[in-house]
Amino acid sequence: MVVGWTEWQPFSFRDKQQQLRGLDVELVHAIFQRAGYQAKFSEMPWSRVLHELRFGTVQLAMSANITTERQQYARFTHPYREEQAVIIIRRQDEQRWRDITSLASLRERADFNIGVLKNFDYGNAFRQLMTEPEMQPRLQIRLRLDQLLKMLRAGRVQGLVLDPHGMQGLSDDGDILSEFKIQLPLEQTPVHLMLSKESTTKAQLHRINQAIHQLKQSPDYQQILDRYQFRSLQP
């Protein structure tokens, strides 16, 4: 199966030797080994992954939340891990935004603009917030995380939404937590593998679901999570 992937540490990335690594990459290899499949990883922007999935030229995408739109062209496996979305801010702005402690208080601060990645989903609560007309001018949508990070550092956005595990991929030098801090946890959600309806079958979905179950019952699952200091899904 062709698996679309995007640079997103620690989930999928190339190391210094240009070898493909990451939590999701290792989990997919372990799942496919049990399902009897092989993965052919193809790098592309996330928006293109979804486009290719719709037309069947990519068979599988990783780290996907279930949405109504995606269900039109994709099948979702059982959850294979969890993720959490948070809003980070510049540490130097900590006092300025100290009153933002909920989505309701975030909504009230019209001077707080938010950077988000195009076609990424951050859970139900934030998804609903993004649809509100008064929030539309405050959203800065970009294709790449490095673009949003540059905007945050320059003060062109006041916050950036990401999985906190992804903070380790934001910088190659120094302690990233000295520059940014988590201001607002949003939502913890189960994530799934997403299979193209155009080029996969329900039987393949069932086979992969069985493999996910087998993996989560084995010591290999926790060992992979531990390598990336990732917390396990509850049974």
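Visitor: How much space lies in the largest cavity?

Guide: About 350 Å³. Bear in mind that this is a predicted model.

Visitor: How many cavities of 30 Å³ or more does the count come to?

Guide: The count comes to one. A cavity here is a place where a 1.4 Å probe fits but cannot get out.

Visitor: Which residues line the largest cavity?

Guide: The lining has 25 residues. Nearest the centre lie Trp8, Met62, Ser63, Glu83 and Phe120. Then look at the strands. E1, E5, E7 and E11 each supply at least two lining residues. The largest share, four residues, comes from E7.

Visitor: Let me follow E7, then. How many of its ten residues are buried?

Guide: Eight of the ten are buried, so strand E7, residues 81-90, is mostly covered; buried means under 20% relative accessible area.

Visitor: Which strands do bridges join to E7?

Guide: Take E11 to begin with. Ten bridges join E7 to E11, residues 180-196, and the two run antiparallel. Ile88 stands opposite Ile182 in E11. Then take E10, residues 159-162. Three bridges join E10 to E7, again antiparallel. Here Ile87 has Val161 as its bridge partner.

Visitor: Now backbone angles. What sign of phi do most residues other than glycine have?

Guide: Most have a negative phi, and most peptide bonds are trans. Exceptions to that pattern are worth locating.

Visitor: Where is Ser63 found, and what is its phi?

Guide: Ser63 is found in strand E5, residues 60-64. Its phi is positive, about 55°, although Ser63 is not a glycine. You met Ser63 before: it is among the residues nearest the centre of the largest cavity.

Visitor: And Gln18: buried or exposed?

Guide: Gln18 counts as exposed because its relative accessibility is 51%, and the cut-off is over 50%. Its place is in the loop between E2 and strand E3, residues 20-21. Phi of Gln18 is near 65°, a positive value in a residue other than glycine.

Visitor: Which two residues does a cis peptide bond join?

Guide: Gln9 and Pro10, with omega about 5°. Pro10 is found in the loop between strand E1, residues 2-5, and strand E2, residues 13-14.

Visitor: E2 ends that loop. Is its Phe13 buried or exposed?

Guide: Phe13, in strand E2, is buried, with a relative accessible area of 9%. Next, list its contacts, leaving aside neighbours within four places in sequence. They are Trp5, Glu7, Gln19, Leu20, Arg21, Gly22 and Tyr228. For a separate distance, go C-alpha to C-alpha. Phe13 and Val25 are twelve residues apart in sequence and 8.7 Å apart in space.

Visitor: How many residues has the largest nonpolar core?

Guide: It has 61 residues, and those with the most contacts inside it are Phe126 and Ile208. The largest share of this core, eight residues, comes from helix H1, residues 23-35. Another core lies apart from it, with twelve residues, among them Val49, Leu53, Ala74 and Met194.

Visitor: Which residues is Ile208 in contact with?

Guide: Again, leave aside neighbours within four places in sequence. Ile208 is in contact with Met1, Ile31, Phe32, Tyr37, Leu60, Thr77, Leu193 and Leu195.

Visitor: Polar side chains next. Is Thr189 buried or exposed?

Guide: Thr189 counts as buried because its relative accessibility is 11%. Its place is in strand E11. A polar contact of 3.4 Å joins the side chains of Thr189 and Asn65. Beyond four places in sequence, Thr189 is in contact with Asn65, Arg81, Glu82, Glu83 and Gly123.

Visitor: What does the side chain of Thr200 reach?

Guide: The backbone oxygen of Ser196, at 2.4 Å. Thr200 is found in the loop between E11 and helix H7, residues 202-216. Thr200 counts as buried because its relative accessibility is 5%. Not counting residues up to four places away in sequence, Thr200 touches Met1, Gln59, Arg75 and Leu195.

Visitor: Which residues turn up for both Thr200 and Ile208?

Guide: Met1 and Leu195 are in contact with Ile208, and Thr200 touches them too.

Technical notes. Residues are numbered from 1 along each chain as its sequence is written. This is a predicted model: local features need pLDDT of at least 70, side-chain atom pairs count only at pLDDT 80 or more; totals for chains, interfaces and linings use all residues. Side-chain values use heavy atoms; hydrogens and water are left out. Buried means under 20% relative accessible area, exposed over 50%, partly exposed in between (1.4 Å probe, protein chains only). Two strands pair if DSSP finds at least two bridges between them. A nonpolar core is a set of buried Ala, Val, Leu, Ile, Met, Phe, Trp, Tyr and Cys residues joined through side-chain atoms within 4.5 Å. Contact means heavy atoms within 4.5 Å. A polar contact is a pair of N or O atoms within 3.5 Å; within protein, one must be able to donate a hydrogen and the other to accept it, and residues adjacent in sequence count only if both atoms are side-chain atoms. On a 1 Å grid over the protein atoms alone, a cavity is a set of points where a 1.4 Å probe fits but cannot get out, and a pocket is an open set with protein on both sides within 12 Å along at least five of seven lines; lining residues have an atom within 4 Å of a point. Grid points are joined across faces, edges and corners, and a volume is the space filled by probe spheres set on the points.
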